[in-house]
Amino acid sequence: PILTLAGGGKGYSNGCWYTVKNVISEDFYRFKVFYKAEKVEEPWRSVFASIVWMDENDRQIGMTEYPQTLDQKTKEGWSIIEQVYQIPEKASKARIELGYRWDADGTVHYGDFSFSEINKPMPRNVKLATVLHRPQNSKSTQDNLNQFIGLVEEAGKQNADIICLPEAMTLVGTKHNYLSAAEPIPGPSTRFLGDAAKKHNMYIVAGILEKENDVVYNTAVLINRQGELAGKYRKVSLPREEIDGGITPGEEIPVFDTDFGRIGIMICWDVQFPEVARTLALKGAEVILVPIWGGNLTLTKARAIENQVYLVTSTYDMVSAVFDMRGEIIDEATKITPLVVSEVDLDERVLWKWIGDMKNRIPRELPPRNSTIW
């Protein structure tokens with residue numbers, strides 16, 4: 001059966017189909033529904049599900065939940081809204097809504113709704129690593145790589161799933177400039193890092209100056225567990241010093257799927273602006289790796305908070321650390337302890353006072369795209 005809602009020519013339309021289900025307090029349930037949207041400009045705002053937990057007297061318990069819209073579709077083109085919940089203490093009912101709002105011309109069709117009890121899910125743990133090391137008086141790019149490889153090997157011994165290395169790690173401390181340090185990708189540095197990644201069965205994110213024909217980019221590469229180049233990100237937000245030094249900005253903000261989840265990459269000056277991190281989060285990034293020369297710690301924390309993602313920085317002049325979704329430092333690398341490995345649960349839910357699950361509220365409550373300048 002299909003449930004349909006339409007705007008009916010009214011931009012202020014806001015309504016839902018709803019049902020009430022009995023639940024068992026503190027047990028786990030999976031919510032799932034499929035939908036197809038037609039002529040909906042911003043489905044992440046206009047198409048939504050919500051859940052209100054209620055006690056036996058129909059009084060609301062806690063904040064309203066907004067299950068996550070997944071960044072994937074079925075072969076038939078259906079989008080998916082899905083989330084696992086532990087029922088709050090004292091809750092005995094769930095009012096479940098399938099909604100549509102704020103688009104006069106659009107229509108949404110909901111199908112194959114389910115809300116069923118499941119076993120307690122296993123945590124989705126991942127080990128995130130970062131380093132604090134600044135090469136000095138290096139003789140070559142390879143000398144820099146050799147200095148970092150010991151830290152990479154130590155992370156491998158601690159079973160890190162992914163390690164973040166700093167920005168321009170093949171340049172700092174050498175006599176090179178942006179242009180003379182640039183190399184092809186894939187190239188000698190990615191092959192060297194690939195050998196280490198394969199040896200230790202881990203992902204590596206590292207900042208390298210990239211040369212493609214006559215163009216130079218400030219790039220961060222992603223090496224997979226097999227030692228292969230799995231992707232790269234070319235820095236889109238360039239400070240004037242890099243512009244004057246001959247670097248060209250990138251034009252895309254990609255995300256990358258790993259065997260533990262979806263990640264994104266930012267580089268240094270990107271932290272200064274909210275757009276890059278927000279784009280990565282809306283594309284489903286759960287962890288953002290940040291090779292960074294130096295920057296504003298407050299803004300770095302803000303990027304984690306405002307997008308509800310884990311964030312890992314590797315730096316020379318700021319803080320090399322793993323940040324949680326509250327913007328707090330879980331672990332920090334120091335001169336005494338230049339490597340840290342932090343284990344986090346990517347399925348952790350952070351519930352904020354007066355707000356609830358901000359992670360899933362963000363896309364529902366963003367300003368409309370046509371009201372912004374980007």
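Contact here means that heavy atoms lie within 4.5 Å of each other. The exercises below concern a predicted model.

**Exercise 1. Determine which residues of helix α2 are buried and which elements cover them.**

Solution. Step 1: the buried residues of α2 are Thr 141, Asn 144, Leu 145, Phe 148, Ile 149, Leu 151, Val 152, Ala 155 and Gly 156. Step 2: an α-helix has 3.6 residues a turn, so residues three or four places apart point the same way. Step 3: the elements that cover the buried residues of α2 include the strands β10 (125-131), β11 (162-164), β12 (203-212) and β21 (339-345), together with helix α3 (188-200).

**Exercise 2. Compare the expected span of α2 with the distance between its end C-alpha atoms, and locate its bend.**

Solution. Step 1: α2 comprises 17 residues, 141-157. Step 2: the expected span is 1.5 Å times one less than the number of residues, which gives 24 Å for α2. Step 3: the end C-alpha atoms of α2 are 25 Å apart, in agreement with that expectation. Step 4: a bend of about 30 degrees occurs at Phe 148. Step 5: after the helix comes Asn 159, with a positive phi near 60 degrees.

**Exercise 3. Characterise the environment of Thr 315.**

Solution. Step 1: Thr 315 belongs to the loop between β18 (310-314) and β19 (320-323). Step 2: buried means under 20% relative accessible area; Thr 315 has 0% and is therefore buried. Step 3: a polar atom of the Thr 315 side chain lies 2.9 Å from the backbone oxygen of Trp 293. Step 4: the side chain of Thr 315 also reaches the backbone nitrogen of Asp 317, at 3.2 Å. Step 5: beyond four places in sequence, the residues that Thr 315 touches include Val 131, His 133, Pro 166, Ile 292 and Ser 320.

**Exercise 4. Establish the strand order of the open sheet that contains β3, and identify its edges.**

Solution. Step 1: the order of the 5 strands is β1-β9-β3-β7-β6, with antiparallel pairing. Step 2: β1 (2-6) and β6 (68-73) are the edge strands, as each pairs on one side only. Step 3: from one strand to the next, the twist averages 30 degrees. Step 4: β3 (residues 28-38) and β9 (residues 107-118) are joined by 10 bridges. Step 5: within this pair, Tyr 35 has Tyr 110 of β9 as its bridge partner.

**Exercise 5. Decide whether Ile 185 is buried or exposed, and list its contacts.**

Solution. Step 1: Ile 185 sits in the loop between β11 and α3. Step 2: its relative accessibility is 11%, so Ile 185 counts as buried. Step 3: leaving aside neighbours within four places in sequence, Ile 185 is in contact with Thr 190, Ile 208, Glu 210, Thr 219, Val 221, Leu 229 and Lys 232.

Note on methods: Residues numbered from 1 in each chain as written. Predicted model: local features only at pLDDT ≥ 70, side-chain atom pairs only at ≥ 80, totals over all residues. Heavy atoms only, no water. Pairing = 2+ DSSP bridges. Helix = DSSP H or I, 4+ residues; strand = E, 2+ residues; numbered from the N terminus. Axes fitted to C-alpha atoms, helices over the stretch in contact; angles between N-to-C directions. Buried < 20%, exposed > 50% of the residue type's maximum accessible area, 1.4 Å probe, protein only. Polar contact = N/O pair within 3.5 Å; in protein donor to acceptor, adjacent residues only side chain to side chain. Bend = angle between axes of the 7 residues up to and from the residue.
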